[in-house]
Amino acid sequence: MSAPSPSPSAPLAGPAAPTASAVPVALAQARWTRALAVACVLGLIVLGLAWELWLAPLRPGGSWWALKVLPLALPLPGLLRHRMYTYRWLSLLVWLYFTEGIVRATSEGGLSAALAWGQVVLCMGLFAACALHVRLRLRAARIPQPADSDGSE
């Protein structure tokens, strides 16, 4: 006797499809990534202002380079309102600040180099938070929701 062959409609072995119970977990994780993203943006704003005005400005007494933090204030309302588009474009904007941090960390010395490495770390944290947030939200949107029990849809 030979073993029955699996029917063409039988599911293949592999990871189980996500269930509706995974939605709250994904959304809780997305809230955590939102908090991390907001904290990193605020950290970059504070670091940029302190760096260019008091700690290690390019010119004594502060410099106009402190204005570089203004674009970082733009995504805050979108982050707080859970706007997916904001997370996507912020994950691209952050690379400008990352590049500045790497350049200044490797070309300057002393306190300015340490501040630049801090900026690099904050940028990497912000990018990771944005990318993970988008991924979690998209995964939660793909999970099928159970139909209402009263039969109406």
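These are my notebook entries on a predicted model of one protein chain.

**Entry 1: the overall build**

I began with the secondary structure. The protein chain has 5 helices and 0 strands. Reading from the N terminus, I wrote the order down as α-α-α-α-α. Next I looked up burial for the whole chain: of its 153 residues, 35% are buried.

**Entry 2: helix α4**

I wanted to see whether the length of α4 fits its residue count. Helix α4 covers residues 84–107, which is 24 residues, and at 1.5 Å a residue the expected span is 34 Å. The C-alpha atoms at its ends are 36 Å apart, so the two values agree. I then asked myself where α4 bends. The bend is at Ser91, and it comes to about 30°.

**Entry 3: Glu52 and its partner**

Glu52 caught my eye next, and I found Glu52 in helix α1. Is Glu52 buried or exposed? Its relative accessible area is 0%, and because buried means under 20%, Glu52 counts as buried. I then looked for what the side chain of Glu52 touches. The side chains of Glu52 and Arg104 are joined by a polar contact of 2.5 Å. That is a nice pair to bring up on screen.

**Entry 4: His133, and a neighbour in α5**

His133 sits in helix α5, which runs over residues 110–142. With a relative accessible area of 1%, His133 is buried. Which backbone oxygen does the side chain of His133 reach? I found that it reaches the backbone oxygen of Ala30, at 3.0 Å.

Ala30 turned up again when I checked Leu136, another entry on my list. Leu136 is in helix α5, and it is buried, at 5% relative accessible area. Along the chain, Leu136 and Ala30 are 106 residues apart, yet 6.0 Å separates their C-alpha atoms. So I have two notes on Ala30: the side chain of His133 reaches its backbone oxygen, and its C-alpha atom is 6.0 Å from that of Leu136.

**Entry 5: more pairs far apart in sequence**

I kept going with C-alpha distances.

- Cys40 belongs to helix α1 and is buried, with a relative accessible area of 7%. Its C-alpha atom is 9.3 Å from that of Phe127, with their positions 87 residues apart along the chain.
- Leu138 belongs to helix α5 and is partly exposed, at 37% relative accessible area. Leu138 and Met84 are 54 residues apart in sequence, and I noted 9.4 Å from C-alpha to C-alpha.
- Leu80 belongs to helix α3 and is partly exposed as well, at 48% relative accessible area. Leu80 and Arg34 are 46 residues apart along the chain, with 7.8 Å between their C-alpha atoms.

**Entry 6: the backbone at His82**

I moved from α3 to the loop that joins α3 (76–80) to α4, where His82 is found. Why did I stop there? Most residues other than glycine have a negative phi. Phi of His82, however, is positive, near 60°, and His82 is not a glycine. I also looked up its exposure: His82 is partly exposed, with a relative accessible area of 33%.

**Entry 7: empty space inside**

Last, I turned to cavities. Rolling a probe the size of a water molecule over the atoms shows where empty space is left. How many cavities of 30 Å³ or more are there? The count is 1. The largest cavity has a volume of about 30 Å³.

I listed the residues that line the largest cavity: Leu44, Leu47, Gly48, Lys68, Val69, Tyr97 and Gln119. Which helix gives the most to this lining? Helix α1, residues 22–55, does, with 3 residues. Sorted by class, the lining has 4 nonpolar, 2 polar and 1 charged residues. Gly48 is in the lining, and I had to remember that glycine counts as polar in this sorting.

**Entry 8: what I would open again**

I marked three views to come back to. The first shows Glu52 with Arg104, at 2.5 Å between side chains. Another shows the side chain of His133 at the backbone oxygen of Ala30. The last is helix α4 at Ser91, where it bends by about 30°.

Key
Residues numbered from 1 in each chain as written. Predicted model: local features only at pLDDT ≥ 70, side-chain atom pairs only at ≥ 80, totals over all residues. Heavy atoms only, no water. Helix = DSSP H or I, 4+ residues; strand = E, 2+ residues; numbered from the N terminus. Expected span 1.5 Å × (residues − 1). Bend = angle between axes of the 7 residues up to and from the residue. 1 Å grid on protein atoms, 1.4 Å probe; cavity = no way out; pocket = protein on both sides within 12 Å on 5 of 7 lines; lining within 4 Å. Points joined across faces, edges and corners; volume = space filled by probe spheres on them. Buried < 20%, exposed > 50% of the residue type's maximum accessible area, 1.4 Å probe, protein only. Polar contact = N/O pair within 3.5 Å; in protein donor to acceptor, adjacent residues only side chain to side chain.
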